[in-house]
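Hi,

Here is the structure I promised to pass on. Have a look at it first, and then read my notes underneath.

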Amino acid sequence: MIALTLAEVAAAVGGTLDGADPDTVVTGPVEVDSRKVSPGGLFAAFVGENVDGHDYAATAVEAGAVAVLASRPVGVPAVLVDSVVEALGRLARTVVARAEGTAVVALTGSAGKTSTKDLIAQLLRRHGETVFPPGSLNNEIGHPMTALRVEESTRHLVMEMGARHKGDIEYLTSITPPRIGLVLNVGTAHVGEFGSQEAIAEAKGELVEALPADGAAILNADDRLVRAMASRTKAKVVLFGESPDAHVRATDVRLDATGRPSFTLTTPAGSAPVQLRLYGEHHVSNALAAAAVATELGMTVDDTAAALGEAGALSRWRMEVVDRADGVTVVNDAYNANPDSMRAALRALVSMGGRGPERRRTWAVLGEMRELGEDSLAEHDAIGRLAVRLDVTKLVAVGGREAACMELGARNEGSWGEESVLVSDADAAVELLRSQLRPGDVVLVKASRSVGLEKVAEALLADGAAR
């Protein structure tokens with residue numbers, strides 16, 4: 001974090017000092033876990049469902065924190081505020097404002113945010129110090145925590161922005177005002193909370209509305225709701241996608257035998273071939289989005305293409321592909337799921353299975369997609385039907401009502417018979433797979449995060465390691 005005195009911290013957050021020397025300088029990072037505090041840092045005491053950070057204030061100071069950001073006196077030096085969450089946002093806003101040479105890139109979308117954020121970061125850090133969140137820290141706590149890692153030497157700050165309600169992205173952009181805003185897509189994730197795709201688009205578009213006139217709105221030309229956001233910004237509009245009028249586009253898209261895509265990247269500055277290390281054709285759109293950001297920030301098309309070819313998956317459980325010693329391939333995509341990402345993952349699974357006499361058996365182990373509201377049963381039915389149409393070898397639906405609807409959709413779509421099955425939980429899925437997997441099979445594991453289906457992938461990999 002950019003160094004601030006406690007007096008400056010208090011002024012930034014609208015707080016008061018309690019037992020703290022106003023001239024003491026915060027030189028270390030801000031932490032919300034007292035076990036991670038380092039000398040010179042600041043400890044933010046949050047009240048959670050099971051733990052109250054205020055109870056660990058003294059422990060944090062003993063570990064080297066110079067003060068605690070707290071909502072009540074804690075018996076050690078503190079900056080007292082009404083809301084620690086809001087104070088954290090105000091402090092992050094102050095730090096980012098002081099980093100005058102830092103270009104802020106923000107992105108949002110219904111699917112692919114984290115994978116694209118990781119791609120952008122890997123491209124940009126070739127040309128300067130880049131701060132970005134690990135995993136999916138994209139809410140009112142994770143967002144400022146990432147921004148507070150900015151220092152004077154930081155050249156790029158890449159921020160992923162999630163939304164569960166209208167106004168969420170507007171709030172996050174007030175903490176880290178972006179110069180470049182990227183919208184990937186508008187799908188049906190969280191439609192149960194928003195009510196419609198149009199309402200989701202309204203919320204996602206808050207990002208482009210926050211851009212300055214000298215900024216850039218990077219929009220998916222292949223998504224009609226995203227493309228329409230061009231009218232909501234005063235910034236320059238850059239379109240990416242496979243559409244002929246996209247400024248940054250892909251042509252000659254192909255998949256190799258393992259399901260990894262290649263394409264020709266075309267920009268206003270020229271073209272270059274790209275071979276991705278990531279699995280699934282859906283990553284072409286993510287790569288184009290990252291390329292659009294990189295070229296907007298001055299990277300050449302050749303450098304961008306080379307960086308894309310070297311970029312890997314940084315975040316866990318997102319199309320994480322591991323080959324067991326017996327030839328079984330496990331694709332752990334269990335971090336989250338919505339209808340759009342589920343369809344993309346199924347297509348990637350089929351491409352990895354290949355075609356013809358050398359075709360490998362493909363297994364789709366799928367759990368519930370949550371927060372879909374009134375559309376939930378229909379969306380699960382549609383995924384089951386898609387698995388049949390894509391000719392997945394076997395669907396294993398895991399869970400209750402929604403999983404049953406998915407499995408029934410598969411049965412109703414075709415004469416699968418024993419080619420689809422419903423099991424109650426992850427343990428039952430593992431038992432089934434252990435009894436039926438053969439060398440060379442490809443297994444996709446995917447569901448909403450709260451379902452915990454990553455246990456299936458972990459068990460299969462543990463079995464492979466034991467052989």
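Below is what turned up, going from domains to sheets to a pocket.

A word on the basics: this is a predicted model, so to speak of local features I needed pLDDT of at least 70, side-chain atom pairs count only at pLDDT 80 or more, and totals for chains, interfaces and linings use all residues. Residues are numbered from 1 along each chain as its sequence is written, and side-chain values use heavy atoms, with hydrogens and water left out.

The protein splits into domain 1 (4-87), domain 2 (99-310) and domain 3 (320-466); these bounds come from an automatic or database domain assignment. Between the C-alpha centres of domain 1 and domain 3 there are 45 Å.

Now the sheets. Helices (H or I, at least four residues) and strands (E, at least two) are DSSP runs numbered from the N terminus, and two strands pair if DSSP finds at least two bridges between them.

One open sheet has nine strands with mixed pairing, in the order E9-E10-E8-E11-E12-E13-E14-E15-E16. At its edges are strand E9 (130-131) and strand E16 (270-275), each with a single partner strand, so one side of each has no neighbour in the sheet. Further in, strand E12 (residues 216-220) runs parallel to strand E13 (residues 236-241), with five bridges between them; Leu219 has Leu239 in E13 as its bridge partner. E13 is also parallel to strand E14 (residues 248-255), joined by two bridges. There, Phe240 sits opposite Val248 and Gly241 opposite Arg249. Helix H12 (residues 301-310) lies across strand E15 (261-267) and E16, at about 10° to E16. For such angles, axes are lines fitted to C-alpha atoms (for helices over the stretch in contact), and values run from 0 to 180 degrees between N-to-C directions; contact means heavy atoms within 4.5 Å.

The other open sheet has six strands, ordered E17-E18-E22-E19-E20-E21, again with mixed pairing. Strand E17 (320-323) and strand E21 (420-423) are the edge strands, each pairing on one side only. On average, neighbouring strands here are turned by 15° against each other, direction ignored. Strands E19 (residues 362-366) and E20 (residues 394-398) run parallel and share four bridges, with Leu366 partnering Ala397 in E20. Helix H13 (residues 339-353) packs on this sheet, touching E17, strand E18 (329-332), E19 and strand E22 (442-446), and its direction makes about 170° with that of E22. Helix H16 (residues 426-436) also packs on the sheet, touching E19, E20, E21 and E22, at about 155° to E20.

Finally, which residues lie nearest the centre of the second largest pocket? They are Leu278, Gly312, Ala313, Arg318 and Met319, out of 15 lining residues. Helix H4 (113-124) and E17 are the elements giving two or more residues to that lining.

Cheers

Methods
1 Å grid on protein atoms, 1.4 Å probe; cavity = no way out; pocket = protein on both sides within 12 Å on 5 of 7 lines; lining within 4 Å.
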